[in-house]
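Trainee: I should like to go through this structure and ask how each descriptive term is justified. May we begin with the packing of helices?

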Amino acid sequence: NLHPQISCPSEHNLEQLKTALGQAYIQYNETLDIVDRRTGGQGAKHVDVPALKKTLKAAILAIAESAGQGKPVCGLSDNSILAHLPFYSELLDHPPIIFIIRNPIDQSLSAWRHNHRLAKEENNREHVEIMYQHGETVESWLIYCAHLFNTMVNKLTQIIKTHDNVLLVRYEALVDNKASELNRIIEKLGGDTNSIIIDSIVQDSSLKQ
């Protein structure tokens, strides 16, 4: 998001949007039936799935453009998209998709601390109960997350074989070789990879900054 041409705002939830639009169309079709019964009884033509997909696509593009604030390359971040990646890739005409994966031990330890902090700050045990479903120790949580990681990587491996619009990035590589990894990502997204821009992003995204 520090790149002058690329927008990547805070996380979104496209599945929530899809579900909400689907429910709205169901209710709208029910209304069409009611109105049809009360009037000519000609048989209401329901809003169909292709129309719903067109609406969802337009909504996603509008949201990305709005969040982009004028930048020519508008992106959205959604950590839950993997389960539905082929659908969204097709819906949005195979846009560049960046997947960043992290060592599952580091990731799960981070999540363990993060959720315990949220439970305390928000006085809501649901944050930890989600993890405790898999055992109340950090070890059981690590084992569960490692299993999820393996499943995710296996799925990504298959997806990448048929989706050349997907770029896989390792978090550790992004930390250790930020400039070169940023160059790969920005090139994939169609942004300027000028060394001055890359160096500026590296500097401005440091932990100190």
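Mentor: Let us begin with α4 and α6, whose crossing is right-handed. Please bear in mind throughout that this is a predicted model.

Trainee: What makes α4 and α6 oblique to each other?

Mentor: Their axes cross at roughly 130° and come within 9 Å. Angles from 65 to 115 degrees count as roughly perpendicular and those over 145 as roughly antiparallel, the rest beyond 35 being oblique. The angle of roughly 130° falls in neither of those two ranges, and α4 and α6 are therefore oblique.

Trainee: Which residues make the contact between α4 and α6?

Mentor: From α4 come Pro 104, Ile 105, Ser 108, Leu 109, Ala 111 and Trp 112. They meet Val 138, Trp 141, Leu 142, Cys 145, Ala 146 and Phe 149 of α6. This set divides into eleven nonpolar, one polar and no charged.

Trainee: Cys 145 belongs to that contact. Why is Cys 145 called buried?

Mentor: Its relative accessible area is 12%. Buried means under 20%, so Cys 145 qualifies as buried.

Trainee: Is Cys 8 buried or exposed, or does it lie in between?

Mentor: Cys 8 has a relative accessible area of 39%. Buried requires under 20% and exposed over 50%; Cys 8 is therefore partly exposed.

Trainee: How do you know that Cys 8 is in no disulfide?

Mentor: The structure holds zero disulfides. For Cys 8, the nearest cysteine sulfur is that of Cys 74, and it is 11 Å away. A disulfide needs the two sulfur atoms within 2.5 Å, and 11 Å does not meet that limit.

Trainee: What is the relation between helix α8 and helix α9?

Mentor: The axes of α8 (residues 178–189) and α9 (residues 195–204) come within 10 Å and cross at roughly 120°. That makes α8 oblique to α9, since roughly perpendicular ends at 115 degrees and roughly antiparallel starts over 145. The crossing is right-handed.

Trainee: Which residues make the contact of α8 with α9?

Mentor: Lys 178, Ala 179, Leu 182, Asn 183 and Ile 186 come from α8, and Ile 198, Ile 201 and Val 202 from α9. They divide into six nonpolar, one polar and one charged.

Trainee: Arg 184 is also found in helix α8. Why does Arg 184 count as partly exposed?

Mentor: Its relative accessibility is 33%. That value lies between the limits of 20% and 50%, so Arg 184 counts as partly exposed. Leaving aside neighbours within four places in sequence, Arg 184 is in contact with Leu 167, Leu 168 and Val 169.

Trainee: What makes the phi of Gln 69 worth remarking on?

Mentor: Most residues other than glycine have a negative phi. Phi of Gln 69 is near 50°, a positive value in a residue other than glycine. Gln 69 is found in the loop between α2 and β2. With a relative accessible area of 73%, set against the limit of over 50%, Gln 69 is exposed.

Trainee: Where is Asn 123 placed, and why is Asn 123 called exposed?

Mentor: Asn 123 is in the loop between α4 and α5, and its phi, near 50°, is positive. Its relative accessibility is 72%; exposed means over 50%, so Asn 123 counts as exposed.

Terms used
Residues are numbered from 1 along each chain as its sequence is written. This is a predicted model: local features need pLDDT of at least 70, side-chain atom pairs count only at pLDDT 80 or more; totals for chains, interfaces and linings use all residues. Side-chain values use heavy atoms; hydrogens and water are left out. Axes are lines fitted to C-alpha atoms, for helices over the stretch in contact, and angles run from 0 to 180 degrees between N-to-C directions. Helices (H or I, at least four residues) and strands (E, at least two) are DSSP runs, numbered from the N terminus. A crossing is left-handed if the near helix is turned anticlockwise from the far one by less than a right angle, and right-handed if clockwise. Contact means heavy atoms within 4.5 Å. Ala, Val, Leu, Ile, Met, Phe, Trp, Tyr, Cys and Pro count as nonpolar, Asp, Glu, Lys and Arg as charged, and the others, Gly among them, as polar. Buried means under 20% relative accessible area, exposed over 50%, partly exposed in between (1.4 Å probe, protein chains only).
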